[in-house]
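Reader: Hello! I would like a close look at a single part of this protein, and then a little about the charged pairs around it. Could you walk me through it in one go?

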Amino acid sequence: MIEALNRMSAAGFAATLAAVYEHSPWVAEQAAQCRPFATIAVLAGTMQKLVRDADPERRLQLLRAHPELGQGGHLTDHSSSEQSFAGFDQLTPESAEQLAFLNRRYRERFGFPFIIAVRGQKDAPAIIERLEQRLGNDPPTEMTIALEEIGRIAWFRLQQLREPAR
């Protein structure tokens with residue numbers, strides 16, 4: 001896969017990877033200028049570095065581009081699949097209400113939605129517990145954690161490109 005990405009035009013590369021970072025094709029567009037990449041891991045690291053090095057407003061826009069967990073709405077195919085994988089489409093009414101309340105508190109406190117790489121987590125209840133815990137963080141710490149989680153999400157999405165579903 002990495003060889004094919006390295007051979008693509010910049011526009012083709014950016015289009016292929018545009019959805020790796022939620023509603024933020026600028027990451028793939030900038031990464032196209034950094035080729036060639038030796039491995040998918042190097043590509044992932046470069047993309048995450050581009051995010052870390054972006055100006056604070058652009059990073060905040062990236063954070064705000066993510067959907068709230070379990071709230072439906074307009075989800076990308078990636079987000080819909082990831083949330084379904086974790087069971088957010090099967091919450092009890094009580095759990096859905098608790099999650100909506102926590103999502104509101106989180107957004108009010110930090111100014112962006114709670115972000116966690118749901119792949120690699122146990123299930124929706126464990127993720128909701130993690131949301132409660134992270135509400136206690138200070139804003140700079142939480143922004144750092146959220147950006148790290150976005151990097152994990154991107155890694156899982158790049159892995160899916162490398163190993164397409166059968």
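Within what distance do the axes of helix α7 and helix α8 come, and at what angle do they cross?

Author: Happy to! Please keep in mind that this is a predicted model. Two packed helices are described by the angle between their axes and the distance between the axes, and your question asks for both. Helix α7 covers residues 93-110 and helix α8 covers residues 124-134; their axes come within 10 Å and cross at roughly 30°. Since angles under 35 degrees count as roughly parallel, α7 is therefore roughly parallel to α8. The crossing of these two helices is left-handed.

On the α7 side, the contact is made by Ser95, Gln98, Leu99, Leu102, Asn103, Tyr106 and Phe110. Helix α8 contributes Ile128, Leu131, Glu132 and Arg134. By residue class, the contact of α7 with α8 divides into six nonpolar, three polar and two charged residues.

One of the α8 residues in that contact, Arg134, leads us to the charged pairs. Arg134 forms a salt bridge with Glu142, and the closest N and O atoms of the pair are 2.5 Å apart. Glu142 and Arg134 are both buried.

The count of salt bridges comes to five, and two others are worth setting beside the Arg134 pair. Glu149 is joined to Arg152 by a salt bridge, with 2.8 Å between the closest N and O atoms. Glu149 and Arg152 are three residues apart in helix α9 (residues 139-162), so about one helical turn separates them. Here the two partners fall into separate classes of accessibility. Glu149 has a relative accessible area of 9%, so it is buried, whereas Arg152 counts as partly exposed because its relative accessibility is 39%.

The other pair is Asp53 with Lys49, a salt bridge whose closest N and O atoms are 2.4 Å apart. Both residues lie in helix α4 (residues 40-53), where they are four residues apart, about one turn of the helix. Asp53 counts as exposed because its relative accessibility is 52%, and the cut-off for that class is over 50%. Lys49, at 43%, is therefore partly exposed.

To bring the picture together: Arg134 takes part in the contact of α7 with α8 and also in a salt bridge with Glu142. The pair in α9 links a buried Glu149 to a partly exposed Arg152, while the pair in α4 links an exposed Asp53 to a partly exposed Lys49.

Technical notes. Residues are numbered from 1 along each chain as its sequence is written. This is a predicted model: local features need pLDDT of at least 70, side-chain atom pairs count only at pLDDT 80 or more; totals for chains, interfaces and linings use all residues. Side-chain values use heavy atoms; hydrogens and water are left out. A salt bridge is a side-chain nitrogen of Lys or Arg within 4 Å of a carboxyl oxygen of Asp or Glu. Buried means under 20% relative accessible area, exposed over 50%, partly exposed in between (1.4 Å probe, protein chains only). Axes are lines fitted to C-alpha atoms, for helices over the stretch in contact, and angles run from 0 to 180 degrees between N-to-C directions. Angles under 35 degrees count as roughly parallel, over 145 as roughly antiparallel, 65 to 115 as roughly perpendicular and the rest as oblique. A crossing is left-handed if the near helix is turned anticlockwise from the far one by less than a right angle, and right-handed if clockwise. Contact means heavy atoms within 4.5 Å. Ala, Val, Leu, Ile, Met, Phe, Trp, Tyr, Cys and Pro count as nonpolar, Asp, Glu, Lys and Arg as charged, and the others, Gly among them, as polar.
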